[in-house]
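Me: Could you walk me through this structure? I'd like to start with a strand and then look at what is packed around it.

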Amino acid sequence: MEQINNIQVVPCTNSDYLRPFRVHYNQNGTKKSWDFMQTHDSVSVLIFNTTSHCFILVKQFRPAVYMSEWERSKPKPLQLAEEGSSEATPPEPKVPEEDQAGETSEETSSNANQPPASAGVTFELCAGLVDKPDLSLEEIARQEVLEECGYDVPATKLRRITSYRSGVGVTGSKQTMFYAEVSEENCVGEGGGKPQEGELIEVVKVPLHEAMTFAFDESIPKTMGVIFSFMWFHSNMSPKYKISTNV
């Protein structure tokens, strides 16, 4: 998972997952514009193993997170401010050069400041895109649990927690979160996702008594869904198991 090399950044001119747009509108008499991306909605599942009293998460490399960390680690020399101004001017962004095939790219593999691949690895809830119009959200969530984590859970056993908007400044897509209880009897495979679709997923177990410490440990890269779902479990499910979540 953490052998990342030969990185190139190229313009995204065609994608099955997102489309950029710019919307113009009037708000209270003021003309405005906003750039946004059209993306799929998604589902996520908080999985609790009742046999081992642990949460089942997934761990995977996220290029967007990695490139964000890389950009953050790059030195940013300040330019001299214009006369009469007390503020420095930020450097102009680097414009990728055009290669022989006519496609612009920015070669980054030889950059000395390249962070380790672990900088792009995150802990997340089992999740997936809502891209199958013939299936319900519960059925899509069930498929993701089976593919990513190896547990076969009937769609009728999934409990809907809530839905919310994510990336409201850029995408505004909706994610619906479910809760599923599993046991070792439900485990029918190793999970790991679909390699043919480029997925490389590691299944991770977080003991219940360590959950809240895990959630608020800033040294562990994780999504907001993990934090929120652990808090939801503490408020709604912990009394059932009479086990402290270490808050």
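**A strand and its neighbours**

Me: Before that, which residue in β9 is the bridge partner of Val 43?

Reply: In β9, Val 43 has Gly 128 as its bridge partner. This is a predicted model, in which local features need pLDDT of at least 70 and side-chain atom pairs count only at pLDDT 80 or more, while totals for chains, interfaces and linings use all residues. Residues are numbered from 1 along each chain as its sequence is written, and side-chain values use heavy atoms, with hydrogens and water left out.

Me: ok, and how many bridges join β4 to β9?

Reply: There are 4 bridges between β4 and β9 (residues 126-129), and the two run antiparallel. Strands here are DSSP runs of E with at least two residues, helices are runs of H or I with at least four, and both are numbered from the N terminus; two strands pair if DSSP finds at least two bridges between them.

Me: What about β11, parallel or antiparallel to β4?

Reply: β4 pairs with β11 (residues 173-182) in the parallel sense, over 8 bridges, and Val 45 stands opposite Phe 178 there.

Me: And β5, how many bridges there?

Reply: β4 and β5 (residues 54-61) pair in the antiparallel sense over 3 bridges, with Ile 47 opposite Ile 56. These two strands form a hairpin with 4 residues between them, and His 53 in the turn has a positive phi of about 50 degrees.

Me: So is β4 buried or exposed?

Reply: Of the 8 residues of β4 (residues 42-49), 8 are buried, so the strand is largely enclosed by the rest of the structure. Buried means under 20% relative accessible area, exposed means over 50%, and partly exposed lies in between (1.4 Å probe, protein chains only).

Me: Which residues point which way?

Reply: Ser 42, Ser 44, Leu 46 and Phe 48 point one way, whereas Val 43, Val 45, Ile 47 and Asn 49 point the other way. In a regular strand the side chains alternate between the two faces of the sheet.

Me: Changing topic: what does Leu 46 touch?

Reply: Leaving out residues up to four places away in sequence, Leu 46 touches several residues, including Phe 55, Tyr 179, Phe 230 and Phe 233, where contact means heavy atoms within 4.5 Å.

Me: Where does Leu 46 fit in the largest nonpolar core?

Reply: That core has 23 residues, and Leu 46 is one of those touching the most other members. A nonpolar core is a set of buried Ala, Val, Leu, Ile, Met, Phe, Trp, Tyr and Cys residues joined through side-chain atoms within 4.5 Å.
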